[in-house]
Amino acid sequence: MTPRTPEDVRAFYDAHRTVRQYRTDEHGEPLPLPAEHLDVILHAAQRAPTDATAQLYSLIHLRDPLVRAQVAALTTNAHIATASEAFVVCADVRRTARVLEGSGRTPGHWPAVAVHFGIGDAVMAGTNLLTAAEMLGYLGCWIGGVLNGLDGILDLLRLPPGVLPFAALTIGTPAEAAPYRPRVPRPLVVHTDAYREGSDEEISEATAVMNPIAARGDQPGDWARLLGAYFAAGGGMEKREPHLVAALRRQGLWAGERPLAQEVSRSGL
Ligand SMILES: Cc1cc2nc3c(=O)[nH]c(=O)nc-3n(C[C@H](O)[C@H](O)[C@H](O)COP(=O)(O)O)c2cc1C
């Protein structure tokens, strides 16, 4: 394949926008992607590289309008109901365990590794899917809001042990003009040979660069305030934490401590 020029590649990635409003039919129902577009974005997802050849992920394609509506409510992201296509991107070590069992082997105990590589594989597949969709002229949105309704999503999508939703992903033709959103300056993100702690000035400059990402209407942006709402003490992530821990336990992916039964069998009792 003819290599693209650096300008082409830059222009492609500069055209990336997260969008949350999509073109629908006249009744507000989703306009599904043409079959060959859907097929090729799923092909792209499966062409992602994968740890140890295992492909430790699964995509749940949300097609039933009722399921879409429920996932939209559980994630508090309404566009899941109206996007052309919607997926829940999951880490999945169950299929690998089944291959092992099917060949007479006993799956090992590696819940931390499962989360590490399972989420990695899921993200790589989802990123390929979104990038392919963008190559076709669509835009999309990742939805970490799955953590707002994890237990309900596990039930609704009947996710078995070993399968953990990472995020949802919507794709469609944009019905909004989303802004170009800034990124942290490269010297704070790309380190040479060893990690370099940025200076206080660099952190404060980066915050100024990022402020527009938090602007709403006439209100000037305050990125640190936005980060605070998510990550500061009392913020949204602290609220999500116990639910994620509960889901990891429920799905057999909690590495904090071994289940009692296993301790007992290991100690030979
Ligand atoms: C893992 C992940 C989770 C996200 N979760 C949400 C979400 O729940 N709701 C939402 O509206 N946007 C969500 N986003 C989109 C981000 O807000 C968006 O990517 C970011 O603001 C940068 O904007 P840009 O993609 O347009 O450059 C998520 C993005 C990622 C990568």
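What pLDDT does the chain average, and what share of the residues score at least 70?

1. Confidence. The model is a predicted one. The chain averages a pLDDT of 95, and 96% of its residues score at least 70. Residues 263–269 have a pLDDT below 50. In the model, this stretch makes two contacts beyond near neighbours in sequence.

2. Overall architecture. The chain contains eleven helices and four strands. Its C-alpha trace spans about 65 × 50 × 45 Å along the principal axes. Of the 269 residues in the chain, 27% are buried. Among contacts with a separation of 6 or more, 78% are between residues 24 or more positions apart.

3. Annotated domain. An unreviewed UniProt entry lists residues 16–172 under "domain: Nitroreductase". In the model, helix accounts for 41% of the chain over residues 16–172 and strand for 18%. The C-alpha atoms at the two ends of this range are 13 Å apart.

4. Ligand surroundings. The shell around the ligand comprises 13 residues. The closest are Thr 18, Trp 142, Gly 144, Gly 145 and Arg 181. With three residues, strand β3 (residues 139–143) gives the most to this shell. By residue class, the shell holds five nonpolar, five polar and three charged residues.

5. Backbone at Thr 53. Most residues other than glycine have a negative phi. Thr 53, by contrast, has a positive phi, near 70 degrees. This threonine is found in the loop between α2 (35–46) and β1 (57–62). Is Thr 53 buried or exposed? Thr 53 is exposed, because 7 other C-beta atoms lie within 10 Å, and the cut-off for an exposed residue is 12 or fewer.

6. Backbone at Gln 55. The loop between α2 and β1 also holds Gln 55, a residue whose phi is positive and near 55 degrees. The surroundings of Gln 55 include 19 other C-beta atoms within 10 Å. A residue counts as buried at 20 or more such atoms and as exposed at 12 or fewer; Gln 55 is therefore partly exposed.

7. Points for the reader's attention. When the model is inspected, residues 263–269 should be read with their pLDDT of below 50 in view. The loop between α2 and β1 may be examined at Thr 53 and at Gln 55, given the positive phi of Thr 53 and of Gln 55.

Note on methods: Residues are numbered from 1 along each chain as its sequence is written. This is a predicted model: local features need pLDDT of at least 70, side-chain atom pairs count only at pLDDT 80 or more; totals for chains, interfaces and linings use all residues. A residue is near a molecule or strand if its C-beta atom, placed from the backbone, lies within 6 Å of it. Ala, Val, Leu, Ile, Met, Phe, Trp, Tyr, Cys and Pro count as nonpolar, Asp, Glu, Lys and Arg as charged, and the others, Gly among them, as polar. UniProt positions are given in the numbering used here, feature names are shortened, and annotations may be inferred rather than shown by experiment. Two residues are in contact if their C-beta atoms, placed from the backbone, lie within 7 Å. pLDDT is the predictor's confidence in each residue, from 0 to 100.
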